[in-house]
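Got the structure open in your viewer? Here's a walk through it, one selection at a time.

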Amino acid sequence: MATFIGTWIAAGLTLMILSFLYKDNPFFRFAEHLYVGIANAFVVWLVWATIVLPDFIGRVFINIAPDPDVTWSPDFWFLVPGILGLIMLTRMIPAIEWMSRWALAFVVGWGAGFMIGPVLNSYLLAQVYASFPWVNMQPYIGAPPGEYVPALVNAIILFICVVTVLIYFFFSYEHKGVIGGGAKIGIWVLMVAFGASFGSTVMARVSLFVGRARFLVQDAEPSGHAFSILLTLGILIVIIAAIVGRRQPPTKESESAE
Amino acid sequence: MVGERLRKHFYAAVFFAAYALTSPVFAAQPDVAVASPADREPPPITPPVLLEFEPPAEIEARDLPNDDGTSIVITWRCSPSAPEDVRYTVHFSEGASAPYEPLPFDFRSIGLDENFISDRLQYFPYSRSLRNYQFIIIDLTAFDAAAEGAYKQELKSYNKLLDEGKAAGPEPVMHEYDWDELYFKLGVTTDGAVRLFDPVLHAKPVTQWFDWSKFNNMAMAAIFLVVILFFIETARRRDFYIRRIAGLDAVDEAIGRATEMGRPIFYLCGLDPMTTVSTIAATNLLGHVARHVANYESQIKVPCFDPIVMSVCQETVREAYYEEGRPDAYNSDNIFFITNDQFSYVAAVNGMMVRERPAANFFFGFYYAESLLLGEVGQSTGAIQIAGTDSNVQIPFFITTCDYVLIGEELYAASAYISREPKLLGSIKASDMAKAVIIIALLLGFLFSIALLVGVLYDPVNPLGALGEKMEYFMQLFNEHI
């Protein structure tokens, strides 16, 4: 029974969120605020239970999980991140608000510095290496021409795409002449890549929608689907009719004139 | 009389000896006393597939380079035998002459076509002659972990027996492995049967202070650092050209429009934390946008996904208002945290967009699946939308829903384009130089690749000889680790 009620609450909230397709309405607002509130409460609990309690309080002050086989002793190194976290709260006290900048400086400085190595490695070196046709052709050496030739063409196209896209991202040279030509090919390559990415992601989204629709149609009423199918179809028809019948959004020109 | 007694004792002794020799109890005793678990483990008959396996050559053990001194590596030249279902394994002993046992921790045996040296260049130098060598890394800390695990288990059983009031025997003691006394043998295994090869392997792990496998990273970072500093210094003396970035020209227009319409501007910094480059770029750009907003006396709202990003945004906007001489107009409540959950954040921002109908939306930073939801709702409210992200997968969604999009690195260049600060201009110029170097390296690699691909038609094993090896080495310089 509890599962049944829970499923119907989930189905109802899904429909409330979907009602945003029509326009902002009290049902959507209710679902929105409930969603944000629950998410925030969950995150607060998550941070407390998985970070603050075990990694700060549990390491410095008290043994929160006593184990007779393990001797607990405080690890005062964990005071450093704890104090940095606490001084973030000084933002609420105007007189010592400036202290919070230390923690911010640490986070931003550490982040920027720490990322130099991984970014250089994964975004630059590894990409350059993977663009060499010799590297790409390794699995095909000795393969029959039917496999070898398409792979070679693919490796050469990949190489050209990489170079021309790099040329597009030259900022301190005017896109004229050879650089202009390369940049033009580069932006076409980018658009083709974005188009392919768009198509595959839309397919993934449709699959998500199908999953949710199946949830509404099947899970919401495990025994006999007639009522939930009718309800869902009815709501979907109302939503679609509302979208079709809705006024077109005001154009930017007309808004500017307001 | 004495002879009679001696004869009886003699018969008794012969009878006892005959019984003792034939009795299974007595016969089994010596075996039980001497046998060790390792002797019992392998089946009595080694399968023919293992007996016929030609042993690999040049089996060696040595310290694993570029590590913290906790591992050793065993290398060998591949065996010409290649039967199916046979894998390499390693056994160990505590002392050169002690019996060899399976490793005391989970160890995945190595297939005949796995773990080639040429695939793990962070530990081995690149050379064509090492192409047929395989390796196994033994992490010696795993011995200690296994000993600790076994000790905890024994201690638990011991304590349980004590609690139940039963005889628990002596208190268990944790076994300590002496890393200097660990010896290994490489072997092959199939269906639980094992055949070990000579020689006995032994190596002492040594701690290295420097990981030479990342030297190419450091060299490249150092070179770029020098180039960046040079161009920053140059930018202080003369102005650099920066090509037009269409989306940024529209920023002023969008802010002006918001001012005219008396509606707010929404500025989003993405969903990534403050440690990512795109978020840093987004907050950098926020400063410039906020300066214009302060100038035009418009209103900017920054709904944040991350509390740290929120704090940075508050500082940035406040500084911008102070710089423009409008500290009174700054309202920290306009830069606020919503939630750390992706879709509830989207629901909240979309709701605000519909209710407050901002005149302009800026989506800068790193985005995930929410990009289309944000862009579409913003578009339906009629706002001018400018996006900038280095998330390749989300750029298409912004292109379809926004008026202007900064693609990838344009987001990083945007700050320099707007502010014309020497520091940022110098960085842009230096990154262009880096791209030019990369293009030259790519072209060289392309030429080498074509030469090697032609060479391989004539000599599949060693194309273009020593020159070809140098060409391969050049390309390996860009490998993740070398």
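What follows is a tour of a predicted model, going from a whole chain down to single residues.

**Stop 1: all of chain B**

Select chain B and zoom out. You should be able to pick out 15 helices and 14 strands. Turn the C-alpha trace along its principal axes and the spans come to about 140 × 75 × 40 Å. The radius of gyration is 36 Å, while the globule rule gives 23 Å for 482 residues, so chain B is more spread out than a compact globule. Of those 482 residues, 34% count as buried. If you look at contacts between residues at least 6 apart in sequence, 70% of them join residues at least 24 apart.

**Stop 2: the largest nonpolar core**

Now for the inside of chain B. Select Ile265(B), Cys313(B) and Phe362(B): these have the most contacts inside the largest nonpolar core, which has 103 residues. Next, colour helix H8 of chain B, residues 277–296, which gives the most to this core, with nine residues. Try colouring domain 3 (213–231 + 426–476) and domain 4 (240–419) of chain B separately; both give residues to the core, so it lies between them. As background, nonpolar side chains tend to be buried together in soluble globular proteins.

Which residues does Ile265(B) touch, leaving aside its neighbours within four places in sequence? Show its contacts and you'll find, among them, Ile255(B), Ala258(B), Val293(B), Ile300(B), Pro358(B) and Phe362(B). Polar and charged names turn up too, including Ser298(B), Gln299(B) and Lys301(B).

There's another core to visit, lying apart from the one you've just seen. This one has 22 residues, and selecting Val86(B), Tyr88(B), Phe184(B) and Ala203(B) will show you some of them.

**Stop 3: along H8 and off its end**

Go back to H8(B) and put a distance between its end C-alpha atoms. They are 29 Å apart; at 1.5 Å a residue, the 20 residues should span 28 Å, which agrees. H8(B) is mostly covered, with 14 of its 20 residues buried.

Just after H8(B), stop at Glu297(B), which takes a positive phi of about 60°. Glu297(B) sits in the loop between H8 and strand E10 (300–304) of chain B. Is Glu297(B) buried or exposed? It is exposed, with 10 other C-beta atoms within 10 Å.

**Stop 4: helix H13 of chain B**

Select residues 410–419. Nine of the 10 residues of H13(B) are buried, so this helix is largely enclosed by the rest of the structure. The buried ones run from the charged to the nonpolar, and include Glu410(B), Leu411(B), Tyr412(B), Tyr417(B) and Ile418(B).

What covers the buried residues of H13(B)? Switch on helix H7 (246–261), H8, strand E12 (360–366), strand E13 (384–389), strand E14 (404–407) and helix H14 (422–458) of chain B, which are included in that cover. Step just past H13(B) and you reach Arg420(B), which takes a positive phi of about 60°.

**Stop 5: two more backbone oddments**

Jump to Arg357(B), in the loop between helix H10 (342–356) and E12 of chain B. Arg357(B) has a positive phi of about 45° although it is not a glycine. It counts as partly exposed, with 15 C-beta neighbours inside 10 Å.

Then select Asp198(B) and Pro199(B) and look at the peptide between them: the bond is cis, with omega about 5°. Pro199(B) lies in the loop between strand E8 (193–196) and helix H6 (215–237) of chain B.

**Stop 6: where chain A meets chain B**

Bring chain A back into view. The contact takes 62 residues from chain A and 64 residues from chain B. On the side of chain A that touches chain B, several helices each supply at least two residues, including H2 (26–60), H6 (145–168) and H7 (177–219). H4(A) gives the most, with 18 residues. Colour that side of chain A by residue type and you get 39 nonpolar, 14 polar and nine charged.

Finish on Tyr35(A), in helix H2 of chain A. Tyr35(A) is buried, with 21 other C-beta atoms within 10 Å. Across in chain B, Tyr35(A) touches Ser344(B) and Ala347(B). For one last distance, try Tyr35(A) to Gly85(A): they are 50 residues apart in sequence and 27 Å apart in space, C-alpha to C-alpha.

Terms used: Residues are numbered from 1 along each chain as its sequence is written. Chains are lettered from A and ligands numbered from 1 in the order in which they are written. This is a predicted model: local features need pLDDT of at least 70, side-chain atom pairs count only at pLDDT 80 or more; totals for chains, interfaces and linings use all residues. A nonpolar core is a set of buried Ala, Val, Leu, Ile, Met, Phe, Trp, Tyr and Cys residues joined through C-beta atoms within 7 Å. A residue is buried if 20 or more other C-beta atoms lie within 10 Å of its own, exposed if 12 or fewer, and partly exposed in between; C-beta atoms are placed from the backbone. Helices (H or I, at least four residues) and strands (E, at least two) are DSSP runs, numbered from the N terminus. Domain bounds come from an automatic or database domain assignment. Two residues are in contact if their C-beta atoms, placed from the backbone, lie within 7 Å. The expected span of a helix is 1.5 Å times one less than its number of residues. The radius of gyration is taken over C-alpha atoms; the globule rule is 2.2 Å times the number of residues to the power 0.38.
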